[in-house]
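Reader: I would like a close look at a single part of this model, taken strand by strand. Please go through the pairing with care and then place that part in its wider setting.

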Amino acid sequence: MPIEVLMPALSPTMSKTGGKIVKWCKKEQDRVEVGDVIAEIETDKAIMEFESVDEGVLAKILVSEGTSGVPVNQLIAIMLEEGEDKSAADNYVSVSATSIVAKEKVATTSSMSSNSFVSFNSSVLSNRSISSQCLTLWDKKEGGTKITEESRIKISPLAKKIAQNEGVNIRRLKGTGPYGRIIKVDVLEFLDSDIQIKNRERSDEDTIIEVSNMRQVIAQRLIEAKRNVPHFYLTVDCQVDKLISLKNEINSADVNNKVTINDLIIKAAAFSMKKFPDINSSWIDNKILRYVNIDISIAVALEDGLITPIVKNADEKGILSISKEVKDLVIRARSGKLRLEEFQGGGFTISNLGMFNIKAFSAIINPPQSCIMAVGTSKKQPIVINEKIEIAEIITVTLSVDHRIVDGVLGAKFLNAFKHYIENPLTMLIETRANI
């Protein structure tokens with residue numbers, strides 16, 4: 001019998017935003033083995049590979065590349081078992097009322113109660129026994145109707161590609177092809193029209209920008225964090241002359257593995273968390289969950305948002321090991337190749353804008369973590385040392401704290417411990433060697 005291939009839940013937030021099919025790695029009639037990558041799917045955080053949990057032949061692709069907002073558990077393709085008649089897939093599509101490209105028909109629903117909606121575990125990627133009634137309910141969920149309506153617009157593949165490249169809303173086009181189908185010439189004529197030319201010449205026109213899944217989730221999480229988490233802030237200046245000297249000495253000894261100030265900051269934060277383990281906690285269901293491992297998230301800027309890959313067990317790793325791991329995480333984060341467990345979790349976040357010449361800032365906590373550390377740029381400033389004014393390199397660090405978990409005194413002790421490690425970096429090397 002036909003095997004349903006459903007949109008998988010590759011991140012916890014996909015149930016709200018859906019996913020985007022970036023690329024089909026298999027084409028129709030290709031043989032698929034268990035574990036084969038059949039598609040690349042964009043979540044709110046990254047582009048991830050979708051591996052098949054079944055084997056068979058990919059008989060029909062129902063959702064084309066580039067389609068976004070596809071709900072979790074939405075039917076996206078059909079596979080057939082070895083030797084099964086190809087007509088089984090065609091017949092199956094004709095009765096699947098919710099396939100967003102199925103015969104370009106409007107989905108119809110029964111008066112089925114929402115209480116009968118079937119709940120699926122997010123780890124299930126494929127399910128053969130889902131009824132067409134349940135699929136209909138998915139199509140009625142937010143976003144499903146829009147996708148169905150868009151798929152009903154008759155347009156040739158070439159015309160659609162030209163329209164996408166030129167930023168043309170295909171709803172504004174009038175098709176002159178058979179049965180009102182939009183063809184290449186319709187798009188080209190629209191681009192050459194006086195209306196389009198005038199619109200392009202208007203430089204002061206407001207622009208509506210479609211929001212990506214990532215940006216939607218960032219907005220939602222930040223609103224929830226700022227509204228629900230009682231933030232307070234602690235700021236301290238740290239003298240980093242010794243830290244910079246240590247970094248330079250390490251880099252001169254090993255020119256192939258350059259460490260950064262941020263690598264040393266991660267290490268200092270990890271040791272400070274080890275001294276004050278209550279910092280390494282989360283507020284969950286009116287209880288405090290204290291973590292055993294010291295896993296530190298680092299904020300990495302992407303083209304349309306940010307992601308927080310995790311340096312796990314940072315207190316147990318040497319400076320060079322942290323440096324190599326951070327470089328690898330950043331490269332794979334920006335290419336969308338992080339695995340889910342590499343950016344979900346963590347007990348503490350560091351956000352560093354020093355490279356952008358920002359002196360100081362306050363970051364919003366990354367729930368359910370209790371703290372986030374905002375690091376500014378280093379600047380030479382006059383300071384008083386032993387009753388004398390001297391010039392020193394200073395960075396300003398601001399700790400955002402969840403007051404439900406951490407009180408002011410604990411936050412201050414943690415930040416003072418961090419300042420001690422930053423200003424006396426050799427102690428980190430000594431303690432690291434002692435832990436080995």
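Author: A good place to enter is the contact between Leu 6 and strand S7, where the bridge partner of Leu 6 is Leu 75. The model is a predicted one, and what follows should be read in that light. Four bridges join S1 to S7, and the two strands run antiparallel. S7 itself spans residues 75–80 and is joined by another four bridges to S6, again in the antiparallel sense. Within that second pairing, Val 57 has Leu 80 of S7 as its bridge partner.

Val 57 also leads onward to the next strand, since Arg 31 stands opposite Val 57 in S6. Beside that pair, Val 32 has Gly 56 of S6 as its bridge partner. S3 and S6, the latter covering residues 56–61, pair over two bridges and are antiparallel.

Put together, these pairings give an open sheet of four strands in the order S1-S7-S6-S3, with antiparallel pairing. Strand S1 (3–6) and strand S3 (31–32) stand at the edges, and because each has a single partner strand, one side of each is left without a neighbour in the sheet. As a general matter, the strands of a sheet pair through backbone hydrogen bonds, either parallel or antiparallel.

The edge position of S1 says nothing about its two faces, which have to be considered separately. In a regular strand the side chains alternate between the two faces of the sheet. For S1, both faces are covered: Ile 3 and Val 5 on one side are buried, and so are Glu 4 and Leu 6 on the other.

Val 5 also links this strand to the packing of nonpolar side chains. The largest nonpolar core has 54 residues, and those with the most contacts inside it are Ile 296, Phe 348, Ile 350, Met 373, Val 397 and Phe 418. Helix H10 (residues 261–275) supplies the largest share of this core, eight residues. Apart from it lies another core, of 22 residues, and Val 5 is among them, together with Met 7, Trp 24 and Ala 46.

For a view of one residue in the 54-residue core, leaving aside residues up to four places away in sequence, Ile 296 touches Ile 266, Ala 269, Ala 270, Met 273, Pro 309, Ile 310, Val 311, Ala 314, Phe 348 and Ile 350.

How values were computed. Residues are numbered from 1 along each chain as its sequence is written. This is a predicted model: local features need pLDDT of at least 70, side-chain atom pairs count only at pLDDT 80 or more; totals for chains, interfaces and linings use all residues. Side-chain values use heavy atoms; hydrogens and water are left out. Two strands pair if DSSP finds at least two bridges between them. Buried means under 20% relative accessible area, exposed over 50%, partly exposed in between (1.4 Å probe, protein chains only). A nonpolar core is a set of buried Ala, Val, Leu, Ile, Met, Phe, Trp, Tyr and Cys residues joined through side-chain atoms within 4.5 Å. Contact means heavy atoms within 4.5 Å.
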